[in-house]
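I opened this entry to record what I looked up in one model. The notes follow the order in which I checked things.

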Amino acid sequence: MRPADRPTLARHLHPVAWWVWAVCLATAASRTTNPLVLALVVAVAAYVVASRREVGTPPVFAAFLLLGLTMIVVRVVVQLVLGSGVGGRTVLFELPRLPLPGPLEGVRIGGPVTAEEVAYAAYEGARLAAVLACVGAANALASPRRLLRHVPATLYEVGTALVVAMTYAPQLVDDARRVRSARRLRGRPGRGPRELARVTVPVLEGALERSLELAAAMESRGYGRSVHRDPRDRRLAGALSVTSVAGVVVGVYGLLDGGSPPALGLPLVVLGAAAGAVALWRGARRDPRSRYRPDPWALPEWAVVVSGLVPAVVVLVYAQLGLPGLVPPTSPVGVPAMPSVVVLAVLVAVLPAWLAPLPPLRATLPPAPRRAAPAVRPGEARS
């Protein structure tokens, strides 16, 4: 057994393993609107983040949770104002109705608000919030910069753009804390919408500047260098790339949409992945790259990936078979059920809290502060 196979060895887990775990958990959340299952998914992600987040990383997960709560509120408000044809007989209250002329007569603004509509909107918003929480967990557990080192050579330009985009959210949280601290030191500890407007502009400006500096630093290190290719290679690479993207996009849509034919799901994902693998293999042969101190892929990485695959596969099969419990009753509104098989599958995803190795800095802390999630120091670099 290699030293990296031991979960007691403090090291950074492979970032690809964390992202696969989070995407699988998000896939499971996307196939259900059961609020109890969604709350369990968020709780699992939160526990793993609290257990395996490195010291000094920005509180990205909390920002994604706040964003998810905002999405729920916005979804409910839009439902109240515009409606969605869900209907229902339990009228809660009635909003003033705005009559629309001519071709807009079919659009409803205002009118009676039923409990069924509110429950439907809240469940849909909760599903989006759970998916956002999974993405936030991946951002908190795996540095996008380390993830970039594992992007295939032919996708370095695209990977650089994605890393800049993913780095923008953590930088946004850091800059918000920095600007608020600076304003408090100047004796302006304001709150409310007016204070938010004053903080928003410097926060957005600072986060964008730091992301652009990261992009410039990557380009100066050769991430954006071009490789000469003949026209035949370019045409073949383009055809394979288009086939791969189209297959994966349509296939993922088929997997996530419960009403799509089965042929639009997994077969197209496999076809797209195969075309993408061939394109990457051909590109890597012409564009070799070296890696400094590569991250090992050992038993803990496999354990984390499998623990994420279990809920995704179970929920997909559960939804494909049409078993009850994934969709709560909304007409009339009833108490959601707790499908035991789905609950057990989601609980498997919490195993990385013990199976994944501790990050190096977190392993140096005594057990009590380690469980209490160490304080975040703004501006501290992520490893």
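I began with helix H2 and listed its buried residues: Val37, Leu38, Leu40, Val41, Val44, Ala45, Val48, Val49, Ser51 and Arg52. The model is a predicted one, and I read every value below with that in mind. I then asked what covers the buried residues of H2. The cover includes H1, H3, H4, H11, H12 and helix H13, residues 360–363.

I checked the length of H2 as well. It has 18 residues, which at 1.5 Å a residue should span 26 Å, and the end C-alpha atoms are 26 Å apart, so the two values agree.

Next I did the same for helix H3, residues 60–82. Its 23 residues should span 33 Å at 1.5 Å a residue; I found 32 Å between the end C-alpha atoms, which agrees. The buried residues in H3 are Val60, Phe61, Phe64, Gly68, Val76, Gln79 and Leu80. After H3 comes glycine 83, and I noted its positive phi, near 75 degrees.

**Core**

I looked up the largest nonpolar core, which has 41 residues. Which of its members touch the most others? They are Trp18, Trp21 and Leu25. I then traced where the core comes from: H1 (15–30), H2 (35–52), H4 (115–141), H10 (299–320) and H11 (340–348) each supply at least two residues. H1 gives the largest share, nine residues. As background, I noted that nonpolar side chains tend to be buried together in soluble globular proteins.

I listed the contacts of tryptophan 21, leaving out neighbours within four places in sequence. The partners are Ala45, Val48, Ala137, Leu141, Val304, Ser307, Gly308, Ala349 and Pro352. Of these partners, Ala45 and Val48 appear among the buried residues of H2 that I had already written down.

**Aromatic pairs**

I counted three aromatic pairs in the structure. One of them joins tryptophan 18 and tryptophan 21 edge-to-face, at 5.7 Å centre to centre with 80 degrees between the planes. Both tryptophans sit in helix H1, three residues apart, which is about one turn of the helix. Are they buried or exposed? Both tryptophan 18 and tryptophan 21 are buried.

Another pair is formed by tyrosine 47 and tryptophan 354, also listed at 5.7 Å centre to centre, but tilted, with 40 degrees between the planes. This pair links distant parts of the chain, with tyrosine 47 in H2 and tryptophan 354 in H12 (residues 352–355), 307 residues apart. I checked the accessibility of each partner. Tyrosine 47 has a relative accessible area of 40%, so I entered it as partly exposed. Tryptophan 354 is at 52% and therefore counts as exposed, the cut-off for exposed being over 50%.

**Salt bridges**

I found two salt bridges. In one, the side chains of arginine 11 and glutamate 301 meet at 2.9 Å, N to O. Arginine 11 lies in the segment before H1 and glutamate 301 in helix H10, so the bridge ties together parts that are 290 residues apart in sequence. I looked up the burial of both residues. Arginine 11 is buried at 9% relative accessible area, and glutamate 301 is buried at 0%.

The salt bridge between arginine 127 and glutamate 124 has its closest N and O atoms 2.8 Å apart. Both residues lie in H4, three residues apart, about one turn of the helix. I entered arginine 127 as partly exposed, because its relative accessibility is 23%.

**A loop residue**

I looked up threonine 364 and found it in the loop between H13 and helix H14 (367–371). Threonine 364 counts as exposed, because its relative accessibility is 64%. Its C-alpha is 9.9 Å from that of valine 55, though the two residues are 309 apart in sequence.

**Whole chain**

I closed with the totals. The protein chain has 14 helices and two strands. It has 383 residues, of which 39% count as buried. How much of the contact count at a separation of 6 or more comes from residues 24 or more positions apart, I asked, and what is the answer? The share is 79%. The accessible surface comes to about 20,600 Å², with 68% of that belonging to carbon and sulfur atoms.

Technical notes. Residues numbered from 1 in each chain as written. Predicted model: local features only at pLDDT ≥ 70, side-chain atom pairs only at ≥ 80, totals over all residues. Heavy atoms only, no water. Core = buried A, V, L, I, M, F, W, Y, C linked by side-chain atoms within 4.5 Å. Buried < 20%, exposed > 50% of the residue type's maximum accessible area, 1.4 Å probe, protein only. Helix = DSSP H or I, 4+ residues; strand = E, 2+ residues; numbered from the N terminus. Contact = heavy atoms within 4.5 Å. Areas by Shrake-Rupley, 256 points an atom, 1.4 Å probe, with all protein chains shown as cover. Phe/Tyr/Trp six-rings, centres within 6.5 Å; stacked < 30°, edge-to-face > 60°. Expected span 1.5 Å × (residues − 1). Salt bridge = Lys/Arg side-chain N within 4 Å of Asp/Glu carboxyl O.
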